[in-house]
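Thanks for asking me to look this one over. My notes are below as numbered points, to be read with the model open beside you.

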Amino acid sequence: MKTLILYESIMGYTEKCAKYLFKKIEGCAIFDISSKDFNLDDYDKILIGAPLYIGEVEKITQKFIKKNKLKLLDKELGLFFSGMSRSEFHIAIQDSLPPNIFYHANIVHCGGVVEFSKLSWKDKRTIKRRLEIKESVYDEMLESLDELI
Ligand SMILES: Cc1cc2nc3c(=O)[nH]c(=O)nc-3n(C[C@H](O)[C@H](O)[C@H](O)COP(=O)(O)O)c2cc1C
């Protein structure tokens, strides 16, 4: 069974999660989801990762999943999402995905990382207000990804 890993990552943690899977799954392929260098038809199992920002899955990934919904429903599908809020995770994912994808996919929360020094003042303000985070947080949960292997 051929596996394709796709990811979107703004600050690098979701990319780290994707690379963790890449190292563990023999013979799989990995691409940034914005790349045009892969064809879904070539794979039987698809793993897609993205972060949550402001209560929803990052937009490029949402668009990709919606556009390729029928193909993805025909594959074994694993989704991994990073984010700092455990309480909002389920509702944010449900709101961001087409319902049949939400029920079809194996979905994993892989933790999250916020490095305060990398954020713009606007993002610092957003994350303070939304999530009450005022300093860097490293909530890495790479082992949770083993469920998708
Ligand atoms: C401006 C901003 C908004 C965020 N909003 C959310 C959110 O609504 N829910 C959540 O769970 N995490 C939120 N996060 C945390 C990110 O999802 C987390 O840092 C994630 O690991 C980032 O992944 P990346 O490094 O791949 O971009 C936010 C982070 C930032 C900087």
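1. One cut-off first, as several points lean on it: a residue counts as exposed if 12 or fewer other C-beta atoms lie within 10 Å of its own, as buried if there are 20 or more, and as partly exposed in between. Ile54 has 10 other C-beta atoms within 10 Å, so it is exposed. Please also keep in mind that this is a predicted model.

2. Staying with Ile54, you will find this residue in the loop between strand 3 and strand 4 (56-57). Its phi is near 50 degrees, a positive value in a residue other than glycine. For context, most residues other than glycine have a negative phi. Glu132 is another case, with a positive phi of about 55 degrees although it is not a glycine. Glu132 sits in the loop between helix 6 and strand 8 (137-140). Is Glu132 buried or exposed? It has 9 C-beta neighbours inside 10 Å, and therefore counts as exposed.

3. Now to strand 1, residues 3-7. All 5 of its 5 residues are buried, so the strand is largely enclosed by the rest of the structure. The cover is on both faces: Thr3, Ile5 and Tyr7 are buried on one side, and Leu4 and Leu6 on the other.

4. Which strands does strand 1 pair with? With strand 3 (45-53), the pairing is parallel and runs over 5 bridges. With strand 2 (residues 29-32), the pairing is also parallel, over 4 bridges. Strand 1, helix 1 and strand 2 together form a right-handed β-α-β unit.

5. Leu6 is a good residue to click on in strand 1. There are 23 other C-beta atoms within 10 Å of Leu6, so it is buried. Its bridge partner in strand 2 is Phe31. Leaving aside neighbours within four places in sequence, Leu6 is in contact with Phe31, Ile33 and Ile48. Asp32 is 26 residues away from Leu6 in sequence, yet the two C-alpha atoms are 5.6 Å apart.

6. On the strand 3 side, look at Gly49. This glycine is the bridge partner of Tyr7. Gly49 has 29 C-beta neighbours inside 10 Å and so counts as buried. Beyond four places in sequence, its contacts are Tyr7, Thr14, Cys17, Ala18, Phe80 and Phe81. Pro98, 49 residues away in sequence, is 16 Å from Gly49, C-alpha to C-alpha.

7. Next, the largest nonpolar core, which has 29 residues; Cys17, Leu21, Ile48, Phe80 and Leu145 touch the most other members. Strand 1, helix 1, strand 3, strand 5 (76-82) and strand 6 (106-109) each supply at least two residues of this core. Leu21 touches Ile5, Leu47, Leu145, Leu148 and Ile149, not counting residues up to four places away in sequence.

8. If the ligand is your main interest, there are 24 residues around it, of which Met11, Thr14, Pro51, Gly83 and Gly112 come nearest. What is the make-up of this shell in nonpolar, polar and charged residues? It divides into 12 nonpolar, 9 polar and 3 charged. Helix 1 (13-24), strand 3, strand 7 (111-114) and helix 6 (121-131) each give at least two residues to the shell. Helix 6 contributes the most, with 4 residues.

9. Gly12 lies in the loop between strand 1 and helix 1. Gly12 has 12 other C-beta atoms within 10 Å, so it is exposed. Glu140 is 128 residues away from Gly12 in sequence and 12 Å away in space, C-alpha to C-alpha.

10. Last, Phe89, which is part of helix 4 (residues 86-96). With 17 C-beta neighbours inside 10 Å, Phe89 counts as partly exposed. Setting aside neighbours within four places in sequence, Phe89 is in contact with Gly83 and His109. Gly83 is also one of the residues that come nearest to the ligand. Lys19 is 70 residues from Phe89 along the chain, and their C-alpha atoms are separated by 22 Å.

How values were computed. Residues are numbered from 1 along each chain as its sequence is written. This is a predicted model: local features need pLDDT of at least 70, side-chain atom pairs count only at pLDDT 80 or more; totals for chains, interfaces and linings use all residues. A residue is near a molecule or strand if its C-beta atom, placed from the backbone, lies within 6 Å of it. Ala, Val, Leu, Ile, Met, Phe, Trp, Tyr, Cys and Pro count as nonpolar, Asp, Glu, Lys and Arg as charged, and the others, Gly among them, as polar. Two strands pair if DSSP finds at least two bridges between them. A crossover is right-handed if, with the strands pointing away from the viewer, the path from the first strand over the helix to the second runs clockwise. A nonpolar core is a set of buried Ala, Val, Leu, Ile, Met, Phe, Trp, Tyr and Cys residues joined through C-beta atoms within 7 Å. Two residues are in contact if their C-beta atoms, placed from the backbone, lie within 7 Å.
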